[in-house]
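Me: I am new to this structure and would like a close look at a single part of it, the surroundings of the bound molecule. Please take me through that part carefully.

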Amino acid sequence: MKRYVDTSIKQSEITPREIFEDRRQLIKNAAAGAFGLPLATWFSREAFAETASYGGAKLKTTTDSIYSTKEALSSYKDVTSYNNFYEFGTDKAEPALRSGTLQIRPWTLSVEGLVKKPMSFDIDDLLKLAPIEERIYRLRCVEGWSMVIPWDGYPLSRLLAQVEPLGSAKFVEFVSLADRKQMPGLSDPVLNWPYREGLRLDEAMNPLTLLTLGLYGEQLPKQSGAPIRIVVPWKYGFKSAKSIVKIRLVDQQPVTSWNQAAAREYGFYSNVNPSVDHPRWSQANERRIGDGRGIFSPKIKTEIFNGYGSQVASMYTGMDLKKYF
Ligand SMILES: Nc1nc2c(c(=O)[nH]1)N[C@H]1C(S)=C(S)[C@@H](COP(=O)(O)O)O[C@H]1N2
Ligand SMILES: [Mo]
């Protein structure tokens, strides 16, 4: 695990976190059975309560099953405690432990660039802009694991319609918040901050691309990208930018943080594709996290476009997916 030397954190702020980590160790020991069964169940409920307390208010959602998978859900606990959110550290446990400093109100999302009507939206207005649907999507991380998550949001196209993209707009750029005071991971130059991602305009307009405000029926927990993130289920997880503050419509393919960090490893398209290996590992299989089978979860075969081919493959006809990986 990576160690942080973060000079932006005052001594007074370190102490509670260390206490918290001691407590986690206690909970881990308990979960491992060190204190016998009755206490172990109490401690694991306690661990759940601590991650759950990051969650926001309840959302009123409708269920639109045509976009949802019927596979077993990854547990709320796994969805909110095994995360990639490098602004809060590179270890999977760190976002849940360290994102408490993120300020999610007030929050403004600006939508600008090649649009007829550039607009800024307050997060509480975005919650009311369109009916919120619950969609159960697979999320496949480029690292080889996946989860099944009930996301709450509405198609990004609903937001883009408001600003009226110009004919010259060809791509959409997403920019995440980058504030050292709120995000301790920014002291690590592992990525070029702010976190930036992008899609081609037709990908952004695809009905699967979800402007995401919640999960499991509540507003997004901080570690999941509160208060607003993108979810693009047919692409590797890193395309789904968290805690975004800006959406820009542009005429050139935007520079993205992961592509900038290692262009050979993380292409702009990054469509899930079992037949295009990552330079350092195979992408043929994945391990499903949080389906209740723990470490006994068998490897499953990764599907082209993460199983969403019937809805997205036509956007790539004639494209060499090995070249445009
Ligand atoms: N801003 C930001 N967005 C991000 C990341 C990140 O580090 N920073 N990690 C990405 C990666 S690699 C994945 S797999 C998903 C993980 O989403 P989850 O933690 O909600 O499962 O978020 C993506 N979005
Ligand atoms: Mo990822």
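Reply: A residue is counted as near a molecule if one of its heavy atoms lies within 4 Å of it. With that cut-off, and keeping in mind that this is a predicted model, 15 residues surround ligand 1, and the closest are Tyr86, Glu87, Arg229, Ser240 and Lys242. Sorted by class, this shell is made up of seven nonpolar, five polar and three charged residues.

Several side chains come within a few ångströms of polar atoms of the ligand, and they can be taken in turn. The side chain of Glu87 has an N or O atom 2.8 Å from a nitrogen atom of ligand 1, while in the side chain of Ser176 an N or O atom is 3.1 Å from a nitrogen atom of the ligand. On the side of the ligand's oxygen atoms, one of them is 2.7 Å from an N or O atom in the side chain of Lys242. As for how much of the ligand is covered, ligand 1 has 530 Å² of accessible area on its own, and the protein covers 98% of that area.

Elsewhere in the chain, Glu94 belongs to helix α4, which runs over residues 94-98. The residue Glu94 is buried, with a relative accessible area of 3%, and a polar atom of its side chain lies 3.2 Å from the backbone nitrogen of Thr90.

Key:
Residues numbered from 1 in each chain as written. Chains lettered and ligands numbered in written order. Predicted model: local features only at pLDDT ≥ 70, side-chain atom pairs only at ≥ 80, totals over all residues. Heavy atoms only, no water. Polar contact = N/O pair within 3.5 Å; in protein donor to acceptor, adjacent residues only side chain to side chain. Areas by Shrake-Rupley, 256 points an atom, 1.4 Å probe, with all protein chains shown as cover. Nonpolar A, V, L, I, M, F, W, Y, C, P; charged D, E, K, R; others polar. Helix = DSSP H or I, 4+ residues; strand = E, 2+ residues; numbered from the N terminus. Buried < 20%, exposed > 50% of the residue type's maximum accessible area, 1.4 Å probe, protein only.
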